[in-house]
Amino acid sequence: MKKMIWFAAAALCVVGTTAVAADMSGPSMQGGMGGMGMQRGMGGMGGMGGMGGMGMQAGMQPDERISLGMQGPRKQHQLAMMRSHLEAVSDIVDALARGEFDSAAQTAQVKLGMTPQMKRMCNGFQNEDFRNLALAFHASADDLAKALKTHDTSASLQALHVTMQYCTSCHSTYRQ
Ligand code: HEC
């Protein structure tokens with residue numbers, strides 16, 4: 001019974017460490033060290049220890065993403081847009097789960113698609129590669145809206161995956 005509790009606690013610890021690792025560098029990783037302490041009590045659970053180690057390493061690497069040099073209100077606006085993008089994806093998944101394809105398509109088009117406002121905003125980005133990626137991302141959301149309108153779950157999820165790959169590839173390449 002005691003072993004079970006150790007296992008659960010250590011598993012939580014590893015998950016926590018891995019989740020926050022992406023945004024951590026330097027001294028703040030001390031928090032992750034708590035995980036190492038836990039592992040000592042775990043005896044033979046080498047596999048879990050290995051996972052904790054990977055999380056730590058990722059957190060200790062310097063952030064080598066390309067900086068866009070965003071400052072002030074521009075920076076705040078971009079982050080607010082991002083949070084709204086995440087909300088849109090969440091709403092689309094929810095609508096899809098309910099089979100409400102038209103509502104999902106509407107969200108994809110209005111919140112993520114290439115609206116005149118999005119286009120204007122993206123065209124204001126100085127970094128050309130970033131700008132092109134942003135425009136391609138919004139174009140993919142238009143494709144997502146089209147896929148959703150067919151009411152085909154598999155095609156819709158595939159299109160959502162393509163759009164979300166733009167989220168992840170941009171995030172791994174650029175920072176503010
Ligand atoms: C063309 C590039 C690009 C695309 C595409 C993109 N993002 Fe971002 N996003 C960024 C950048 C740059 C940041 C700032 C990251 C940093 O400085 O660490 C960011 C930050 C965020 C944040 C953090 C917001 C905050 O308040 O801190 C969220 C959430 C986010 N993006 C969600 C998404 C989602 C969801 C998608 C896709 C549906 C997406 N992004 C697509 C570039 C992009």
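In this predicted model, helix α5 passes α7 in a left-handed crossing. The axes of α5, which spans residues 101–112, and of α7 come within 8 Å and cross at roughly 165°. Angles over 145 degrees count as roughly antiparallel, and α5 and α7 are therefore roughly antiparallel to each other. On the α5 side, the contact involves Phe101, Ala104, Ala105, Ala108, Gln109 and Leu112. These residues meet His138, Ala141, Asp142, Leu144, Ala145, Leu148 and Lys149 of α7. Sorted by class, the contact of α5 with α7 comprises nine nonpolar, two polar and two charged residues.

Helix α7 also has α6 as a partner. Here α6, residues 116–123, packs against α7 at an angle of about 165°, and the two axes lie 9 Å apart. Helices α6 and α7 are therefore roughly antiparallel as well, and their crossing is right-handed. From α6, Met118, Cys122 and Asn123 take part in the contact, while α7 contributes Arg131, Ala134, Leu135 and His138. The contact of α6 with α7 has four nonpolar residues, two polar ones and one charged residue. A reader tracing α7 will thus find His138 in the contact with α5 and again in the contact with α6.

Turning to the other partner of α5, the axes of α4 and α5 come within 8 Å and cross at roughly 170°. That angle makes α4 roughly antiparallel to α5. Helix α4 brings Ser84, His85, Ala88, Asp91, Ile92, Ala95 and Leu96 to this contact, and α5 brings Ser103, Ala104, Thr107, Ala108, Lys111 and Leu112. The residues of the α4 and α5 contact divide into seven nonpolar, four polar and two charged. Within α5, Ala104, Ala108 and Leu112 face α4 in this contact list and appear in the contact with α7 too.

The model also holds a ligand, and 20 residues surround it. The closest of these are Met82, Cys167, Cys170, Arg175 and Gln176. At least two residues of the shell come from each of α4 (72–97), α7 (128–149), α8 (153–173) and β2 (174–175). By class, the shell around the ligand counts 14 nonpolar, four polar and two charged residues.

Finally, a word on confidence. The protein averages a pLDDT of 79, and 66% of the residues score at least 70. Over residues 1–5 the pLDDT is below 50, and this stretch has zero contacts in the model beyond near neighbours in sequence. Residues 7–55 likewise have a pLDDT below 50, but that stretch has 44 contacts beyond near neighbours in sequence. Where pLDDT is low, the predicted coordinates should not be read in detail.

Conventions:
Residues numbered from 1 in each chain as written. Predicted model: local features only at pLDDT ≥ 70, side-chain atom pairs only at ≥ 80, totals over all residues. Near = placed C-beta within 6 Å. Helix = DSSP H or I, 4+ residues; strand = E, 2+ residues; numbered from the N terminus. Nonpolar A, V, L, I, M, F, W, Y, C, P; charged D, E, K, R; others polar. Axes fitted to C-alpha atoms, helices over the stretch in contact; angles between N-to-C directions. Parallel < 35°, antiparallel > 145°, perpendicular 65-115°, else oblique. Left-handed = near helix turned anticlockwise from the far one by under 90°. Contact = placed C-beta atoms within 7 Å. pLDDT = per-residue confidence, 0-100.
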